[in-house]
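Got your viewer open and a selection box ready? Let's take a walk through this one, stop by stop.

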Amino acid sequence: MKRLTVSTALLTSLALGPALALAGCSGERPVAPSDGAAGAAGAAGTSNGAAGGPSPVRGGRLVYGLGADAAGFNPVTDQFAAVSYSMAGTIIETLVGVTATGEWRPVLAESLTPSRNADEWTIKVRPGITFSTGEPLDGKTVKANLEAQKASPLTRAAFTPVDSFELVDPMTVKVRLTGPWVAFPYHLAAQIGMVVPASSLADPEAASRRPVGTGPFVFKEYTPGSRMVVTRNPAYWRKGLPYLDEIEFRVLPDTQTRAQTLEAGGIDAMGTTRDDDILKFGALKDAYTVRRASGMSVPEYMFMLNTAAPPFDDLRLRRALAHATDRAAVISTLRGGLTKEADGPWSKDSPWYAPGGDYPAYDLDRAKALIAEVEAEKGQISFEVITPPDPNTMQGIELAQDMWRKAGVEVRIRQVDQADLVNRAVTGDFQATVWTQFSASDPDGEYVWMHQNHAGPVGSISLNFSRLKDLRLSQALDTGRSNPQDDVRKQAYATVQQRLRELVPYVFVDHLDTGAVIAKTRVGGIGDHLLPDGDKGVPLTGAPIPYHPFSQVWVGNP
């Protein structure tokens, strides 16, 4: 029996969905925000396939370097990370997509229509689509997928507000909620909105190894830990797509090896978070393109604290740790000065960012004073920070350790593998851990990670990993989820930021926009895709290494 773990894959799958505006599809809907949403991903260097660039070339083979393997390809049972979306997303499509300006648009759905107060959503399935097995895409299949996701221990938390599903007619599903949920469609742009045929639902183990979907490519072969190959779907429902004949995803976990392989011609494109890669390949504009994530797609690098256990159940120590963290030094030392300091989950270029608040600025003397105050009451303070055994990550941990020791705290570092680290976070078996999160297109995507209803006691499964329980913060999250008015939502999420700055469940460091896709200049179309109804899609999504669709990627002559 497959052991269920909750991983960064799940973090990604649940955090990707919502985007800002409730705009532009069918039916009566709540009032749409008026000021747009997160901007499109930025680019350094040139970008083929964009307006005015070379025309796409049909045929050819792309070799794409990934930093890790997928845990499996079944969206109902397997943990999905960015690499999972890269591979499985070529085969399995979602009900909804997100535009470059942050609005939701139907993909496999033809329309999504809310009731007047958004406590029901009616999904009409796009007609004339079949899976690569020949099975039809219809309302019965969509309903079965949504029910399977709601029942899955892996993803059911995302469906907590869902009461029931009803098949209205052969191509229409009604989703009944326990209350208003204005951002519901955007959650269907990620793992929980991926649709597989009935045969995959009936045989989840086979679906995990050999994915089937409606997408532009079909499964060819997979060697765990090494590579996955997909080939053109000749019956793809979007006429003229895809451009490529074949894609090989090659698993190259070591970042330096991945970059060297690209430089040597062994791969055509890769994802990375290394500032060295961005600076090096970005300077070679005739040979490579560099696309960086930006806006709401950018995650935050931080240290997450367990507020339900000593020593960080004491707010003074949480604030002391933040005061002792020199964010500017981290950025100059580890990021080549490319990133910006973070004081919360949203950057200043986000429409949701609210200035002000009480986030502790770097102040070593204040940190020492707070630690001395606590130690006078409780004795000497020490704690353990856990981290994956990755050399690049360890550099940041050791830098922070030195800063905190200067403030008077003894810090131990424990290296654990990635799965163990996340399982410790889920069960509360940690004091502090390095963490990267918060890349949802809309703040509602962070609901389960911050709301007190998802903060279980230590030893139990909790998706609010810091286990912070704060009524004002939770009430603000509820308002942001249920109220369609733009000004009301903005004020609610301003309150969220204020409470996070005051209560410090996370020691924020920077907005990690070094997540990038680097490709040879003969590779076009990365981040330049169009959604089915003609809107430009969000270029890069996910964290920490972003991903993108492949249906409109092409390879020109060497």
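Before the first stop, one bit of vocabulary: two strands pair if DSSP finds at least two bridges between them. Helices (H or I, at least four residues) and strands (E, at least two) are DSSP runs, numbered from the N terminus.

A word on what you're looking at: this is a predicted model, where local features need pLDDT of at least 70, side-chain atom pairs count only at pLDDT 80 or more, and totals for chains, interfaces and linings use all residues. Residues are numbered from 1 along each chain as its sequence is written, and side-chain values use heavy atoms, with hydrogens and water left out.

**Stop one: the six-stranded sheet**

Start with residues 340–341, which are strand 15, and add residues 506–511, strand 19. These two strands pair in the antiparallel sense over two bridges. Zoom in and you'll find Lys340 opposite His511 of strand 19.

Now bring in strand 14, residues 300–305. Strand 14 runs antiparallel to strand 19, and five bridges join them. Tyr301 sits opposite Asp510 in strand 19.

Is strand 19 enclosed or not? Six of its six residues are buried, so the rest of the structure largely encloses it. Here, buried means under 20% relative accessible area, while exposed is over 50% and partly exposed is in between (1.4 Å probe, protein chains only).

Select the remaining strands and you can read off the order 15-19-14-18-16-17 in an open sheet with mixed pairing. Strands 15 and 17 (410–415) are at the edges with a single partner strand each, so one side of each has no neighbour in the sheet. Strands of a sheet pair through backbone hydrogen bonds, either parallel or antiparallel. For a parallel example, colour strand 16 (residues 382–387) and strand 18 (residues 432–437), which pair over two bridges. Val385 stands opposite Ala432 in strand 18.

**Stop two: helices around here**

Show residues 418–427, helix 13. Which strands does helix 13 lie across? Strands 14, 16, 17 and 18, and helix 13 runs at about 100° to strand 18. Angles like this run from 0 to 180 degrees between N-to-C directions, with axes being lines fitted to C-alpha atoms, for helices over the stretch in contact.

Next, pick helix 10 (residues 327–334) and helix 12 (residues 391–406), which pack at about 145° with their axes 11 Å apart. Turn on side chains: Ala329, Val330, Thr333 and Leu334 of helix 10 meet Gln395, Gly396, Leu399 and Met403 of helix 12. Contact means heavy atoms within 4.5 Å. The residues of this contact divide into five nonpolar, three polar and no charged. In that count, Ala, Val, Leu, Ile, Met, Phe, Trp, Tyr, Cys and Pro are nonpolar, Asp, Glu, Lys and Arg are charged, and the others, Gly among them, are polar.

**Stop three: the cores**

Select Phe303, Phe383 and Trp404: of the 65 residues in the largest nonpolar core, these touch the most other members. Such a core is a set of buried Ala, Val, Leu, Ile, Met, Phe, Trp, Tyr and Cys residues joined through side-chain atoms within 4.5 Å. Leaving aside neighbours within four places in sequence, the contacts of Phe383 include Pro311, Phe312, Leu321, Trp404 and Ala432. Apart from this core lies another, of 40 residues, among them Val125, Val142, Val173 and Leu241.

**Stop four: a hairpin**

Jump to strand 7 (residues 162–169) and strand 8, joined by six bridges and running antiparallel. The two strands form a hairpin with two residues between them. Add strand 6 (residues 120–125), which is antiparallel to strand 8 (residues 172–177) with five bridges. Lys174 in strand 8 makes a good landmark, with Thr122 opposite and Glu166 also opposite.

**Last stop: backbone oddities**

Find Leu241 and Pro242, whose peptide bond is cis, with omega near 0°. Pro242 is in the loop between strand 10 (227–232) and strand 11 (246–251). Another cis peptide bond joins Pro310 and Pro311, and Pro311 is in the loop between strand 14 and helix 9 (315–323).

Finish at Phe438, which has a positive phi near 75° without being a glycine. Phe438 is in the loop between strand 18 and helix 14 (447–450), and is buried at a relative accessible area of 1%.
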